[in-house]
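Trainee: I would like a close look at a single part of this model, namely the charged side chains that pair along one helix, and then an account of how that part sits in the rest of the chain. Please take it slowly and keep the reasoning explicit.

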Amino acid sequence: MAEVMATTLFTVGGTTVTVSTALAVATAAYSMSQSAKASAQQEAAMEAAEEGVKEQEYIEKLKSKEESNIRRERLLTALAAQTAGAGAAGVRGTTVESLQLKSMEDYRRDQLQSDAIGASIQKGFQRQREAFKFRAESAKYQGVADMAMTLAQTGFSMGSPTQKPGLGSTQK
């Protein structure tokens with residue numbers, strides 16, 4: 001049966017090919033379509049993951065801004081309470097100022113620390129996004145490379161097709 005398939009010939013566009021050659025081409029085409037599908041799915045998954053990281057980054061920025069607003073409110077409340085308390089007690093001068101300066105220094109320190117942590121978190125998100133972009137590009141190029149290898153393997157396994165005399169052939 002295998003000999004019959006290998007020797008069974010048919011003509012396509014003036015070129016005579018065997019059934020095994022036609023099957024090799026069909027197999028290669030199917031393999032390439034599966035490779036293209038897999039790389040497209042992987043690329044889409046990486047792009048979706050990148051979008052998820054962008055969302056997380058945005059949420060983290062909003063959270064950082066909200067925490068900054070809360071710190072600012074605490075500072076203003078502390079300053080107002082210190083001023084009101086000092087005024088009601090009849091305290092004047094450097095005592096109130098030193099309390100207020102300490103409160104402002106605490107606020108600045110907390111804000112700088114929060115900014116540093118926020119910047120580190122943002123850098124982490126940025127690195128994740130870049131990694132997902134790289135993986136998506138790699139998936140695309142790997143799919144193309146797989147298809148090229150499939151074509152090359154098919155071409156090498158088929159050899160050169162024979163042509164019947166008189167159908168575009170130079171043989172006589």
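Mentor: Arg109 and Asp106 both belong to helix α3, where three residues, about one turn of the helix, separate them. Their side chains meet in a salt bridge, with 3.0 Å from N to O, in what should be read throughout as a predicted model. Asp106 has a relative accessible area of 23% and therefore counts as partly exposed, since buried would require a value under 20%. Arg109 is partly exposed as well, with a relative accessible area of 45%. The pair does not stand alone, for Lys102, Asp106, Arg109 and Asp110 are linked in a network of salt bridges. The general background is that side chains of opposite charge can pair when their charged atoms come close.

A second pair in this helix has a comparable layout: Arg108 and Glu105 both lie in helix α3, three residues apart, which is about one turn of the helix. Here the closest N and O atoms of the salt bridge are 3.7 Å apart. Arg108 has a relative accessibility of 44% and counts as partly exposed, and Glu105, also at 44% relative accessibility, counts as partly exposed.

A search of the whole structure finds eight salt bridges, and one of them joins the side chains of Lys133 and Glu50, at 3.8 Å from N to O. Because Lys133 lies in helix α3 while Glu50 lies in helix α2, this pair ties together parts that are 83 residues apart in sequence. The two partners are also set differently with respect to the surface: Lys133 is partly exposed, with a relative accessible area of 43%, whereas Glu50, at 8% relative accessibility, counts as buried.

From this bridge one can follow the contacts between the two helices. Helix α3 covers residues 94-158 and includes Ser114, while helix α2 covers residues 19-89 and includes Leu62. Ser114 counts as buried because its relative accessibility is 12%, under the 20% limit. Leaving aside residues up to four places away in sequence, Ser114 touches Ser64, Glu67 and Arg71. Elsewhere, Glu43, whose place is in helix α2, touches Ala136, Ala139 and Lys140, with the same exclusion of residues up to four places away in sequence. Glu43 is a charged residue that counts as buried, at 18% relative accessibility. Seen from the other side, Ala136 touches Glu43, Met46 and Glu47, again not counting residues up to four places away in sequence.

Ala136 also leads to the nonpolar part of the picture, for together with Met46, Val53, Phe125 and Phe132 it makes up the largest nonpolar core, five residues in all. Helices α2 and α3 each supply at least two residues of this core, and α3 gives the most, with three residues. As a general background, nonpolar side chains in soluble globular proteins tend to be buried together. Nonpolar side chains are also found at the surface here, since Tyr58, Ile59 and Leu62 form a nonpolar patch with about 330 Å² of accessible area together. Leu62, with a relative accessibility of 44%, counts as partly exposed.

Placed in the whole chain, these two helices belong to a set of three helices and two strands, and from the N terminus on the elements run α-β-β-α-α. Of the contacts with a separation of 6 or more, 72% are between residues 24 or more positions apart. Buried residues make up 23% of the 172 residues in the chain. The accessible surface comes to about 12200 Å², of which 61% belongs to carbon and sulfur atoms.

Some caution about confidence is in order. The mean pLDDT of the chain is 77, and 77% of its residues reach 70 or more. Over residues 162-172, however, the pLDDT is below 50, and this stretch has 14 contacts in the model beyond near neighbours in sequence.

How values were computed. Residues numbered from 1 in each chain as written. Predicted model: local features only at pLDDT ≥ 70, side-chain atom pairs only at ≥ 80, totals over all residues. Heavy atoms only, no water. Helix = DSSP H or I, 4+ residues; strand = E, 2+ residues; numbered from the N terminus. Buried < 20%, exposed > 50% of the residue type's maximum accessible area, 1.4 Å probe, protein only. Contact = heavy atoms within 4.5 Å. Areas by Shrake-Rupley, 256 points an atom, 1.4 Å probe, with all protein chains shown as cover. Patch = residues over 30% accessible without salt bridge, like charges linked within 9 Å, V, L, I, M, F, W, Y side chains within 5 Å. Salt bridge = Lys/Arg side-chain N within 4 Å of Asp/Glu carboxyl O. pLDDT = per-residue confidence, 0-100. Core = buried A, V, L, I, M, F, W, Y, C linked by side-chain atoms within 4.5 Å.
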